[in-house]
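Biologist: I would like to learn how to read a model of this kind, one feature at a time. Where should we begin?

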Amino acid sequence: MTTAIIGNTPFRKCETLSQLYESQFFIKEEFHNPSMSAKDRPAFFMIREAIAKGQIKPGGTFVEASSGNTGLGIATFAKQLGYQSQIFVSKSCSSEKIDALRMAGARVEICENSNGLHDFYSTQFRAQSYAATHPNSYFTNQYYNPQNIRSHYKTTGPELWKQTAGQITHFIAGIGTGGTISGVGRYLKEQNPNITIWGVEPKGSILSEFLTTGAIPEQHATYDKIEGIGRSFIPGAFDRDVVDHIFQVDIEEAEVAARQYRQLTGSLVGYSSAALLASLQRHKEQMGLTKEQHIVLFFPDHGSRYVSKIYSDLFDRLKTSLNIS
Ligand SMILES: Cc1ncc(COP(=O)(O)O)c(C=O)c1O
């Protein structure tokens, strides 16, 4: 079954970025996971634990609030294991991800925002409420489920340490639930405390201020920008002790960076991966890049999930060739 091939994703040097920034750049390509994103890792760990602990019976429904990718992992594995899935996404979710969720067998509800459990209109509130009112359903709750961090601590971190032969000096990842950066960050710092862990989030998100000052800034109710990353609340799966700095970028900068990267390399990158590229452009001085550094960028998914949003020129061409208005 496909769960056997979660993780152990390819890792490669990026010559383009290495030349551009005069440093050693590497990319961890998570779109090689079974449902094409890093979120297969926490999805599988959360499902496996719930089943093992008897928190759901065969035929039951796994419920999740997701920007799409975790939901897709949940839907895929639930179906394979004889369960159903109910996924709550926010209205900013790309049409490609919603289509993929439905094709994976998920029932999908589109919500106003993903502002956390306190907001009646959020994906998280709706998911929790659904699980509370439907027998034999289980809310995997990636924002607070320890299996989220654990999946990256147990798999992604060790993979990176091995793939870089211990040479990694910097790890850069977008922050959504915080599961990736917290799990990978903790594992890598245990191997070598000098490894720098950098997060990236969109402007308006509150985690960088929280990291710097310890204060929880006033919440931005309308906040929901780059798909997969950025928050208006502090997720339980965010471990600030292992993150050295969080850089912020504009959504427009990310889109421009994605298109430039495509021109330079021919590759399509996902929204949050584009945010990492934008963070290099905007913050390169502050990052103090040098030739000796081994910098790993974490690409959680692929640009094919966002063609209608980021690469609209491709989308228009596709529609014309298919004769769709
Ligand atoms: C495309 C994408 N990038 C980044 C993230 C953030 O990862 P994490 O939730 O582990 O912080 C997510 C999370 O859903 C995502 O889907």
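Biologist: Take one residue to start with: does Pro300 count as buried or exposed?

Modeller: The model is predicted, so every value here is computed from its coordinates. Burial is read from relative accessible area, and buried means under 20%. Pro300 has 17% relative accessibility and therefore counts as buried. Pro300 belongs to the loop between β10 and α11 (312–322).

Biologist: How many residues along the chain separate Pro300 from Lys28, and what is the distance between their C-alpha atoms?

Modeller: Separation in sequence and separation in space are read independently. Pro300 and Lys28 are 272 residues apart along the chain, with 8.1 Å between their C-alpha atoms. Compare that with Glu64 and Thr9: these are 55 residues apart along the chain, and their C-alpha atoms are separated by 24 Å.

Biologist: Pro300 follows a strand. How many residues of strand β10 are buried?

Modeller: For a strand, burial is counted residue by residue. In β10, residues 294–299, six of the six are buried, so the strand is largely enclosed by the rest of the structure. The two faces can then be taken separately. His294, Val296 and Phe298 lie on one side, Ile295, Leu297 and Phe299 on the other, and all of these are buried.

Biologist: Which way does strand β2 run relative to β10, parallel or antiparallel?

Modeller: Strand pairing is read from bridges between residues. β2 (residues 24–29) and β10 run parallel and are joined by six bridges. As one point of reference, Phe25 is opposite Ile295 of β10. Strand β7 (residues 170–174) also pairs with β10 in the parallel sense, over three bridges. There, Ile172 has Leu297 of β10 as its bridge partner.

Biologist: Now a charged side chain. Is Glu64 buried or exposed?

Modeller: The accessibility number decides, whatever the residue type. Glu64 has a relative accessible area of 0% and is buried. Glu64 is part of strand β3 (residues 61–65). Five of the five residues of β3 are buried, so this strand too is largely enclosed by the rest of the structure. From β3, Thr61, Val63 and Ala65 point one way while Phe62 and Glu64 point the other, and all are buried.

Biologist: Which residue of β4 is the bridge partner of Glu64?

Modeller: The partner of Glu64 in β4 is Ile87. The pairing of β3 with strand β4 (residues 84–90) is parallel and has five bridges.

Biologist: Which residues come nearest to the ligand?

Modeller: Begin with the list of neighbours, then look at individual atom pairs. There are 16 residues around the ligand, and Lys39, Gly176, Thr177, Thr180 and Ser272 come nearest. A polar atom in the side chain of Lys39 is 2.6 Å from a ligand oxygen atom. In Thr180, a side-chain N or O atom is 2.5 Å from an oxygen atom of the ligand. With Gly176 the atom belongs to the backbone: an N or O atom there lies 2.8 Å from a ligand oxygen.

Biologist: How much of the ligand's accessible area does the protein cover?

Modeller: On its own the ligand has 390 Å² of accessible area, and the protein covers 97% of that. The ligand sits in the largest cavity.

Biologist: What polar contact does the side chain of Gln124 make?

Modeller: Once a polar residue is found to be buried, its partners are worth listing. Gln124, in helix α5 (residues 123–133), has 2% relative accessibility and so counts as buried. Its side chain makes a polar contact of 3.1 Å with the side chain of Thr123. Ser208, in helix α8 (residues 207–213), is buried at 14% relative accessibility. The side chains of Ser208 and Gln248 are joined by a polar contact of 3.3 Å.

Biologist: And backbone angles: what is the phi of Asn8?

Modeller: The sign of phi is read together with the residue type. Phi of Asn8 is near 50 degrees, a positive value in a residue other than glycine. Asn8 lies in the segment before β1 (11–13) and, at 65% relative accessibility, is exposed. Glu22 is not a glycine either, and has a positive phi of about 50 degrees. Glu22 is located in the loop between α1 (15–21) and β2, and its 51% relative accessibility makes it exposed.

Conventions: Residues are numbered from 1 along each chain as its sequence is written. This is a predicted model: local features need pLDDT of at least 70, side-chain atom pairs count only at pLDDT 80 or more; totals for chains, interfaces and linings use all residues. Side-chain values use heavy atoms; hydrogens and water are left out. Buried means under 20% relative accessible area, exposed over 50%, partly exposed in between (1.4 Å probe, protein chains only). Helices (H or I, at least four residues) and strands (E, at least two) are DSSP runs, numbered from the N terminus. Two strands pair if DSSP finds at least two bridges between them. A residue is near a molecule or strand if one of its heavy atoms lies within 4 Å of it. A polar contact is a pair of N or O atoms within 3.5 Å; within protein, one must be able to donate a hydrogen and the other to accept it, and residues adjacent in sequence count only if both atoms are side-chain atoms. Accessible areas come from the Shrake-Rupley method with a 1.4 Å probe; for residues, only the protein chains shown count as cover. On a 1 Å grid over the protein atoms alone, a cavity is a set of points where a 1.4 Å probe fits but cannot get out, and a pocket is an open set with protein on both sides within 12 Å along at least five of seven lines; lining residues have an atom within 4 Å of a point. A molecule sits in a cavity or pocket if more than half of its atoms lie within 2 Å of its grid points.
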